[in-house]
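Student: I am new to this structure. Please take me through one part of it closely: the place where the two chains meet, and the enclosed spaces in the model.

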2 protein chains.
Amino acid sequence: LFKFEVTILGCSSATPIFNRHPTSQWVHINHTHILLDCGEGTQMQIMRYGLKASKLSYIFISHLHGDHYLGLMGLLSSMNLNGRTDPLNLFAPLELEDILQQHFRVSESELKYPLHFFPVNHEPENLTDNVLVETQDFRVSKIPLKHSIACNGFLIEEKPGPQKISKETMDTYSIPYDALAGIKKGQSFIQADGTEISADRLLEPKRIPRSYAFCSDTCYLPELKGLLNHVNILYHETTFGHSFLSRAEQTYHTTAFQAAQLAKDAEVGKLLMGHFSARYKDLNPLLEEAKEIFPESYLALEGQTFSI
Amino acid sequence: LFKFEVTILGCSSATPIFNRHPTSQWVHINHTHILLDCGEGTQMQIMRYGLKASKLSYIFISHLHGDHYLGLMGLLSSMNLNGRTDPLNLFAPLELEDILQQHFRVSESELKYPLHFFPVNHEPENLTDNVLVETQDFRVSKIPLKHSIACNGFLIEEKPGPQKISKETMDTYSIPYDALAGIKKGQSFIQADGTEISADRLLEPKRIPRSYAFCSDTCYLPELKGLLNHVNILYHETTFGHSFLSRAEQTYHTTAFQAAQLAKDAEVGKLLMGHFSARYKDLNPLLEEAKEIFPESYLALEGQTFSI
């Protein structure tokens with residue numbers, strides 16, 4: 001089982017307060033490091049928590065409200081000044097490309113590493129087939145959210161990898177190495193005495209691939225239940241408590257109660273709560289509200305790392 | 001004597017390190033609060049040091065390198081979300097207006113307070129008559145600097161205010177209140193016995209107006225000596241020590257030695273040093289280098305307030 005974890009770099013909503021920075025999360029999956037959103041101050045938060053920006057190979061931006069992207073120009077520039085040469089893949093709404101170009105033009109700076117920009121459009125009705133990138137280890141898909149401007153969440157799924165046969169099984173049935181490839185393809189194994197043993201009995205049970213869903217800014221969308229079904233960890237914004245339901249609806253945000261309901265309906269492993277309104281100095285009432293519906297609810301506080 | 005002080009919000013050069021944010025300074029002069037530059041994270045630094053962004057009425061941006069302006073969009077947005085209605089005056093290079101408009105367009109946000117934008121052009125040869133704003137308390141002028149892109153520093157000068165006559169003087173010479181206005185205009189006072197007393201003898205000595213100069217990013221410009229003559233506090237970037245002179249020249253920055261030489265030549269009261277390169281974990285060697293030339297040199301560290 002390789003490493004798959006998320007570190008919270010910011011847990012504030014649009015107006016930060018002291019000790020709560022705007023949204024950003026760092027996902028480490030096997031040898032790959034991914035940034036989800038990049039609010040103002042992300043490069044400082046990366047340093048604060050001992051991470052290395054030079055290791056990032058993917059950045060995903062959910063939408064173009066300032067608290068989700070304003071740290072990007074500084075981060076890209078600092079990596080440049082620090083001598084980065086490795087390519088970086090940026091998935092974001094199309095308009096961000098112009099914003100970046102304008103910034104680099106007026107500051108007369110030029111990136112010395114390849115920045116590959118992949119525009120991500122928003123297709124509210126499309127709940128399947130939304131894969132943005134696929135490697136041998138994982139797959140990232142967009143999740144269509146509903147906010148005051150176009151916004152996508154991101155689903156990161158581990159790939160199952162090839163099925164294995166244990167050393168013990170090989171000894172028990174005296175399986176020669178050159179039979180392995182066939183068995184892994186599903187072929188039965190014929191023993192010396194002619195007994196046929198099906199591949200299912202020889203292969204280790206399929207590992208259930210782990211998954212992490214990041215739902216940044218959105219109103220409550222019960223229809224995501226299917227897409228989020230059984231994810232190990234669901235991060236979902238909980239900007240408000242349910243007593244501010246009408247404010248949440250007005251501003252296309254979600255209450256702690258609603259996020260917990262979605263977590264319960266989708267039967268996820270854990271719910272991480274974040275994007276807290278500045279009005280909550282004490283976050284425990286939000287946590288309690290969620291736990292009543294879905295006990296495996298956690299505050300996604302800055303500096304915390306959750307293993308997936 | 002009214003309050004005139006500067007609080008340092010960031011002292012890092014382009015690549016921040018932990019505990020050193022990019023450039024921003026807060027000047028409090030009588031009832032007015034002024035921000036000089038606004039690097040990424042400034043809104044968080046304002047909160048950290050107990051200041052109130054809602055009190056700001058002027059922001060001056062020296063140039064459009066990211067470490068001097070990338071905190072502006074977040075700061076303007078947060079003031080908006082926090083209900084600001086007071087007008088705000090922004091002095092900055094012309095291109096910043098487009099950058100702001102693009103940001104507010106893509107985020108579909110609209111400021112509910114008046115933002116008055118005043119483009120500041122860069123006139124390298126113009127060393128006088130550079131006043132940008134004048135109130136009854138102070139005057140702000142631009143200082144033409146020389147950097148890799150167009151860059152202005154800012155000089156904030158207290159206005160001398162009307163000259164006063166002490167209660168004691170009034171009693172001594174039996175001056176009636178209705179004679180005050182004339183004396184303040186320079187008219188002599190004629191006593192009952194016909195003796196004429198000149199206004200100079202009656203008025204208190206003129207107070208020397210205090211001044212603060214902010215030289216953000218620039219190569220060493222000895223010709224600023226005249227313009228900076230006798231300022232109470234000169235903030236001048238000292239990105240490098242003098243052993244990195246050629247690197248400083250290449251990148252249009254100043255060494256600690258050079259800044260101290262300018263402070264000495266201009267006979268300023270104090271030199272504040274800042275915009276430190278990330279290569280210096282320990283800043284004492286820079287301080288020592290400056291103090292050898294100009295003993296009244298200080299590190300402008302974050303959170304420190306200097307009274308002018």
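**Cavities and the chain interface**

Tutor: Start with the largest cavity in this predicted model. By class, its lining has 7 nonpolar residues, 4 polar residues and no charged ones. The volume of this cavity is about 70 Å³. Both chains line the space. From chain A come Tyr69(A), Met73(A), Ile99(A), Gln102(A) and His103(A). From chain B come Tyr69(B), Leu70(B), Met73(B), Ile99(B), Gln102(B) and His103(B). Look for α4 in each chain: α4 of chain A and α4 (95–106) of chain B each supply at least two residues of this lining.

The structure holds 2 cavities of 30 Å³ or more. The second largest cavity has about 40 Å³ of space. Met44(A) and Arg48(A) line it from chain A, while Phe18(B), Asn19(B), His21(B) and Arg48(B) do so from chain B. Here the lining has 2 nonpolar, 2 polar and 2 charged residues.

Now take the interface itself. In chain B, 37 residues are in contact with 37 residues of chain A. The area buried between the two chains is about 2,900 Å², and carbon and sulfur atoms give 64% of that area. Across the interface of chain B and chain A, the rule finds 0 salt bridges. Between these chains, 8 residue pairs are in polar contact, both residues being at pLDDT 80 or more. On the side of chain B that touches chain A, the elements giving two or more residues are α1 (42–48), α2, α3 (72–81) and α4 of chain B. The largest share of that side comes from α4(B), with 6 residues. By class, that side of chain B has 14 nonpolar, 17 polar and 6 charged residues.

Last, turn to an open space. The second largest pocket holds about 960 Å³ of space. Its lining has 40 residues. Nearest its centre lie Leu81(A), Ala14(B), His65(B), Arg247(B) and His253(B). Two or more lining residues come from each of α3 (72–81) and α4 (95–106) of chain A, and from each of α2 (66–69) and α8 (245–250) of chain B. α3(A) gives the most, with 6 residues. By class, the pocket lining has 11 nonpolar, 21 polar and 8 charged residues.

Notes:
Residues numbered from 1 in each chain as written. Chains lettered and ligands numbered in written order. Predicted model: local features only at pLDDT ≥ 70, side-chain atom pairs only at ≥ 80, totals over all residues. Heavy atoms only, no water. 1 Å grid on protein atoms, 1.4 Å probe; cavity = no way out; pocket = protein on both sides within 12 Å on 5 of 7 lines; lining within 4 Å. Points joined across faces, edges and corners; volume = space filled by probe spheres on them. Helix = DSSP H or I, 4+ residues; strand = E, 2+ residues; numbered from the N terminus. Nonpolar A, V, L, I, M, F, W, Y, C, P; charged D, E, K, R; others polar. Contact = heavy atoms within 4.5 Å. Buried area = accessible area lost by both parts, 1.4 Å probe. Salt bridge = Lys/Arg side-chain N within 4 Å of Asp/Glu carboxyl O. Polar contact = N/O pair within 3.5 Å; in protein donor to acceptor, adjacent residues only side chain to side chain.
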